[in-house]
Structure formats: structure tokens, C-alpha cells
Amino acid sequence: MSSTPEPSLPGGADLLDLRIDRLAYGGDGVGRDESGRTVFVPFTAPGDRLTARVTQAQRRFARARAVEWSERSQCHREPFCPHFGVCGGCHLQHLEQSVQLHWKHLFVRDALTRIGKLQDPNVAPVPAPAADRGYRCHAVFAVALANGQPQVGFHDTDNEGIVEIEECPLLVPPLNHVLRACRQWLRENAAQLAERELGGSLRWLDVRASSGAEECTVALWCHSQELELAGQLAAHLGTVEPRVRGVCLVVSRGRQRQSDGKATVVSGTDSLREQVRGFELQVSAQSFYQANPAEAVRLLEAALGMGPTAGAGEV
């Protein structure tokens, strides 16, 4: 399997010979064409020499896709996810972990100097994570109907469609189980979804697991109060996935995953409880919490180490 996708692109597009010198925030490799124009090429690495096909051309920059390498950097590694390069969820899996950490460090420094206007900020090295897969306790899956059949997965790299994944290797196993259970129910009820146009109302499935992965919650993000739909899915999950502690419904506004109101609990609860260094947190469907719980502990310890404590439970 190639470590870098080579998608088919329209014929007649411009071909460029490039050397990739650095990475841009977001993961695209950056090179310059003969005129000096900046060219962004995804799934490449500093040191690559390649031919790329232009997909978007502007006066000051262009975007392109690599089609052939004349020299491949030693920064590359084989991605562990079979969906990498098509799924839009990950951007750096083709790089060795040490390279990823190096560039993430530089991204922070660049933001502080270029945007924050700080002079030579002291940025600590990015520590290696305890695990590079099987750690994420939160995911948001996009949902759509295509030819009367429900699709559940992540948006593709061009944000034009949905990549139906069987499982995501970054997720804790229970969330992949919940994904399969939800997809099963949606497929079994495809006719109902199409007839009642529920496929156009249900936009996202927000799944969350506790840090120990013993319990999960599922939030349905819909454009309207689809309580019957949510209740039917909750009943199905209750029979096939006992770790689902609750199902709730959130009404979104517009095309974005934003809401003006609280979640409506359909079964069980809409929140999970987390313990972090003696602090108990209640994480609800619409709240933010680190998707990697181990890193939440690291962040708290780093914050506590930045100043004297004022007293028990206070910083």
C-alpha cells in the first residue's frame, strides 16, 4: 500500500516539479514553483522532490497533488489506517512520529511569533503521546443519505463527501462498536429515513466514551426535534450495545454543528463523569473535553506546575 494517495485528477492540469521545504500548519508540504509562487501539496514531507498536478491556482499560491516522486524523504512512514489520504480526519500519519512532534513544535512557535508578535518565545518540546492509536474517547461522525442509503463516517479530504469507515484505529474500541451499531440501524431503516426525509435532518452522530471506556453516550445532531428517530435508535443501542449509558438529541442551526439550546435526553443521561487528579468533571454532549484523556491529565499537571497553589483545590 502506498503511503501517499495519488488521486485521479482532470487531464490537462499543470504539472510542477517541486522540492518540499517545510510543512504548513495543517500538514500540507510547502514548495515553490519556478516563479516563486508558494505551492501546498498534502501528504508530502520536507526533502521530497516530486511532480505535482495543480488543483487550484491563485496569483500568490497554488494547491497541488503529488503524482510522482523523484526523491522521497526519509521522514515518510507507512500509515497504519487504511483510510488515510481519503478520510479527512488525519493529515500527518505518513510522517514518522518524531517528525510530527518537531513540526507541531514549530507550528506553535510560528503562531506565537507571526500572529502573537512575541520575540523568540520559549516553547517546550512537544512530548510524545503515550499511544498513537486506540486513545480517542470522542468522535463526531457525519451522516447523509446517498441514493437512498445512509452514509456514516468522516468527511473526505476535499470536504465534498463522506468516507464510510468500518472502524477508526484512533478510537477506543467501544466507540467503533457504537459506530457499527448506529450504521446497522440506519441501514435497516433506510426506507423510513428516506420517506420521512430524516436523512436530511440527521447530520451528525456525536459519540463519547469515558476515560476507562466503560460507558458511552450518543448525541444525535438534527435540524429539527426528531424525538421519534432518536428514541428508536436509543432502543436499538440499548439491546446491542450495553455500554451506551444515554442518548440525547441536539437541534443544530444552519449547516454548522452549533446549537442555541440544551440537549434533550431521550434515554439515560447526556453526560459522563471524569476524574482528573481528584477533580470530578461532568462532561455533557455539548461540552468540550480532551479527546485523549491521558493528555487532559498532562495539561492539568502542566498548568499546576506553572504557579504556586493558593490552597486545597485552588490554583
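**Getting to know the sheet and a surface patch**

Colleague: What is the relative accessible area of Leu118?
Modeller: This is a predicted model: local features need pLDDT of at least 70, side-chain atom pairs count only at pLDDT 80 or more, and totals for chains, interfaces and linings use all residues. Residues are numbered from 1 along each chain as its sequence is written, and side-chain values use heavy atoms, without hydrogens and water. Leu118 is partly exposed (between buried, under 20%, and exposed, over 50%; 1.4 Å probe, protein chains only). Its value is 42%.

Colleague: Where is Leu118 found?
Modeller: Look at the DSSP runs: helices are H or I, at least four residues, and strands are E, at least two, numbered from the N terminus. Leu118 is in the loop between α1 (97–115) and β7 (138–146).

Colleague: Which strands stand at the edges of the open sheet?
Modeller: Strands pair if DSSP finds at least two bridges between them. 7 strands run in the order β9-β8-β7-β10-β11-β12-β13, with mixed pairing. The edge strands have a single partner each, so one side of each lacks a neighbour in the sheet: β9 (162–163) and β13 (264–268).

Colleague: What is the bridge partner of Thr217 in β12?
Modeller: β11 (residues 216–222) and β12 (residues 244–251) pair in the parallel sense over 7 bridges. In β12, Thr217 is matched with Gly246.

Colleague: Which residue of β6 stands opposite Arg53?
Modeller: β5 (residues 49–57) pairs antiparallel with β1 (residues 15–19) over 5 bridges, and Arg53 faces Leu15 there. 8 bridges also join β5 to antiparallel β6 (residues 61–71), after a hairpin of 3 residues. In β6, Arg53 has opposite it Arg65.
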